[in-house]
Amino acid sequence: MQFSLTLSILLHALLLFEFASESRARDIAKTSPEETLNPQLNIFFTPKDLKIGKIMPLFFALKDPSTSPHLLSREEANLIPFSSSNLTYLLNFFSFSKDSPQAKAMEDTFFHCEISAMNGESKFCATSLESMLDFVQQILGFHTKLGVYTTEFLKKSPVTLQNYTILQKPKEILEPKLVACHTLPYPYAVFYCHMQKGENKLFKISLLGENGDRIEAAAICHMDTKEWNHDHVAFRVLKVLPGSSPVCHYFPVDNLVWVPSLSM
């Protein structure tokens, strides 16, 4: 069992190179105002953009599920410590040097998982499917049937950043409580799951890319941002201040949005 687990994890660890290649909707890293924005940050918008015919440059990474790190079972995950205090041990376990991009990615993931939650936020980093479902049910109700929304590629070219046009009136999912789970870079799948109190609006949006791409995208608008970190990257991208405007973003294809199934 231990040998099988270690071999599986090491194989997936080879897929982890630069944390910047991972799309994350919630990134609070500090960068200078003069720094050129990473193209991957083309996921943010405001509610005024939600109209038919709106054109915006968007980044959607190509993901191959067959080569992406997979979720461990709870039994497997419990055999491996998940804490920044064990980083030295983990780098040795995964055969990464302390100065490698993989080490930086793991350190970044621990930062996101261990930083204190924002006011009104409940958060949890899930290292197994079972732990993810435990957290989701804790938020949405243990007897609630669950549904999940994702971003789906109907037709996708190799181009990751291109102009997309909103084809139809965005469909709002009328559900006041939801849990969003974002992938974080790690040798095996880790999801940053969180629920933010306050008004949040979930949408399904039909997009057509200039290269013929078709995407059914999941997106969310956080209507109250006054408690957010002033250094949140969304404020730089949108050129707004905390509390001055709602912040919306598209979900990458490997993110999950959990809702009560009656909302589906």
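Is the link of Cys-221 and Cys-248 right-handed or left-handed about the S-S bond? In this predicted model, the link is right-handed, with 105° about the S-S bond. The sulfur atoms of Cys-221 and Cys-248 lie 2.0 Å from each other, and a disulfide joins the two residues. This pair links distant parts of the chain, with Cys-221 placed in strand 11 (residues 214–222) and Cys-248 in strand 12 (residues 247–250), 27 residues apart. The relative accessibility of Cys-221 is 1%, and this cysteine therefore counts as buried, given that buried means under 20%. Cys-248 likewise counts as buried, at 0% relative accessibility.

The count for the protein comes to three disulfides. With bonded cysteines counted along the chain, the pairing follows the pattern 1-2, 3-4, 5-6. The remaining pairs are described below in chain order.

A disulfide joins Cys-113 to Cys-125, with an S to S distance of 2.0 Å. The torsion about the S-S bond of this pair is about -95°, so the disulfide of Cys-113 and Cys-125 is left-handed. The link again connects distant parts of the chain: Cys-113 belongs to helix 4 (residues 101–114), whereas Cys-125 belongs to strand 3 (residues 121–126), and 12 residues separate the two cysteines. A relative accessible area of 17% is found for Cys-113, which is under the 20% limit, so Cys-113 is classed as buried. For Cys-125 the relative accessible area is 11%, and this residue is buried as well.

Cys-181 and Cys-193 form a further disulfide, in which the sulfur atoms are 2.1 Å apart. A value of 115° about the S-S bond makes the link of Cys-181 and Cys-193 right-handed. Distant parts of the chain are also linked by this pair, as Cys-181 lies in strand 8 (residues 179–184) and Cys-193 in strand 9 (residues 190–196), 12 residues apart. Cys-181 is buried, its relative accessible area being 0%. Cys-193, at 0% relative accessibility, also counts as buried.

With respect to handedness, the disulfide of Cys-113 and Cys-125 is left-handed, while the link of Cys-181 and Cys-193 is right-handed, as is that of Cys-221 and Cys-248. With respect to secondary structure, the link of Cys-113 and Cys-125 runs from helix 4 to strand 3; strands 8 and 9 are joined through Cys-181 and Cys-193, and strands 11 and 12 through Cys-221 and Cys-248.

Key: Residues numbered from 1 in each chain as written. Predicted model: local features only at pLDDT ≥ 70, side-chain atom pairs only at ≥ 80, totals over all residues. Heavy atoms only, no water. Disulfide = S-S within 2.5 Å. Helix = DSSP H or I, 4+ residues; strand = E, 2+ residues; numbered from the N terminus. Buried < 20%, exposed > 50% of the residue type's maximum accessible area, 1.4 Å probe, protein only.
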